[in-house]
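Q: Hi! I'm new to this one and would like a quick tour. Could you walk me through it?

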Amino acid sequence: MSDHHRPATHEHEHDEHDEHDEHDEHEHGHGHGPAAWLRSLFAPHSHDSADAIDATLAASDDGMRTLKLSLAGLAVTAALQIVVVAISGSVALLADTIHNFADALTAIPLGIAFVLDRRAANRRYTYGYGRAEDLAGVFILVTIAASSAVAAWEAIQRLIHPQDIHNVGWVAVAGVIGFAGNELVAAYRIRTGRRIGSAALVADGLHARTDGLTSLAVIFGAFGTLAGWRLADPIVGLLISVAILAVLRGAARDIYRRLMDSVDPALIDRIEHVVTDVHGVERVDSVRVRWIGHELRAEIEIAVDDQATLHDAHAVAEQARHELLHHVPRLTDALIHMSPAADVHDVTAHHFKPR
């Protein structure tokens, strides 16, 4: 027996302190001071907090709005930088500009994913099209890696064949523009990605944040050139390439976990606690949860009183499902299987041998 009717609305709001980290959970402490702040820039906490469960359409609309605005911001930033590249010949600024253009282009697959996510489930894609977000995340990873390779190639060529840089002051100004533009876009993407539960959008925000910090490196390269160090510019270009790889590692970990259906173990504890507190639930036998795009889906097996009627057992499952929808952020559905408290699974037990 199972319960699978999905409610149209949710009436209550979640407490703001109901949060979870979908990563392996606070491997890094919050900490204080400059060092902790710098670590948080590259590996910000991605708590699963929400004031209310967003509908799929609303979440996709939020994602699309974020992509459009951030794409416009990055396009303006990169355009201003490319003008300075043309008049200065700075390879460090060129590397930074290439990465900014690449970051802007990642909005395209993410936008397609958010559009697909609006499509209803069907008999072929029975869970809908939410996984398109994870595929977009893979594309973002490839883009990050490719931009790192291009930036490194340009820097190596300039190390082998050094060239003078002109209008160094403008290069420094372009670095400041790159930092400001990327940091604004990064903060916006990460904030929206956390709110709607999109790992791909958070990864894209981290990508933009790294761009902003490497734009600061362009400024240091410009000052090094002014000080008479001719190789400062290509060396900074190489450092930018390494920094890009650093953010690639973190983003790849997050996307990998989504593709492998990884969730925070604390989320399982929370679900078990919510269901166990429902009157009529004798015990919780198993809990499975997975991300589908920026939504959570759960499958839960519970035991109820042996003497309960079908109607009463179904009511218990419905109440458990109702409580979950109100107390687990971004959970959009839960399939609950009910069994009598006494073991009645002998007929199928041989199909599920312990591993």
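Q: Where is Met260 found?
A: Happy to help! This is a predicted model, and in it Met260 sits in the loop between α8 and α9 (265–276).

Q: Is Met260 buried or exposed there, and why do you say so?
A: Met260 counts as exposed because its relative accessible area is 53%, and the cut-off for exposed is over 50%.

Q: Which residues form a nonpolar patch with it on the surface?
A: Val138, Val142, Tyr256 and Leu259 join Met260 in that patch, and together they have about 480 Å² of accessible area. Both α5 and α8 supply at least two residues of the patch.

Q: Let's go inside. Which residues of the largest nonpolar core touch the most other members?
A: That core has 35 residues, and the ones touching the most other members are Leu67, Leu93, Leu110, Phe114, Ile144, Val171 and Leu201. At least two core residues come from each of α2 (56–88), α4 (107–117), α5 (132–160), α6 (168–196), α7 (199–226) and α8 (232–259).

Q: Which helix gives the most to this core?
A: α7 does, with eight residues. Apart from this core lies another, of 27 residues, including Ile268, Val281, Ala298 and Leu325.

Q: New topic: which residues of α10 are buried?
A: Ala313, Val316, Ala317, Ala320, Arg321, Leu324, Leu325 and His326 are the buried residues of α10.

Q: And how far apart are the end C-alpha atoms of α10?
A: They are 26 Å apart. That agrees with what its 18 residues (310–327) should span at 1.5 Å a residue, which is also 26 Å.

Key:
Residues are numbered from 1 along each chain as its sequence is written. This is a predicted model: local features need pLDDT of at least 70, side-chain atom pairs count only at pLDDT 80 or more; totals for chains, interfaces and linings use all residues. Side-chain values use heavy atoms; hydrogens and water are left out. Helices (H or I, at least four residues) and strands (E, at least two) are DSSP runs, numbered from the N terminus. The expected span of a helix is 1.5 Å times one less than its number of residues. Buried means under 20% relative accessible area, exposed over 50%, partly exposed in between (1.4 Å probe, protein chains only). A nonpolar core is a set of buried Ala, Val, Leu, Ile, Met, Phe, Trp, Tyr and Cys residues joined through side-chain atoms within 4.5 Å. Patches are made of residues with over 30% relative accessible area and no salt bridge: like charges are joined within 9 Å, nonpolar side chains (Val, Leu, Ile, Met, Phe, Trp, Tyr) within 5 Å. Accessible areas come from the Shrake-Rupley method with a 1.4 Å probe; for residues, only the protein chains shown count as cover. A salt bridge is a side-chain nitrogen of Lys or Arg within 4 Å of a carboxyl oxygen of Asp or Glu.
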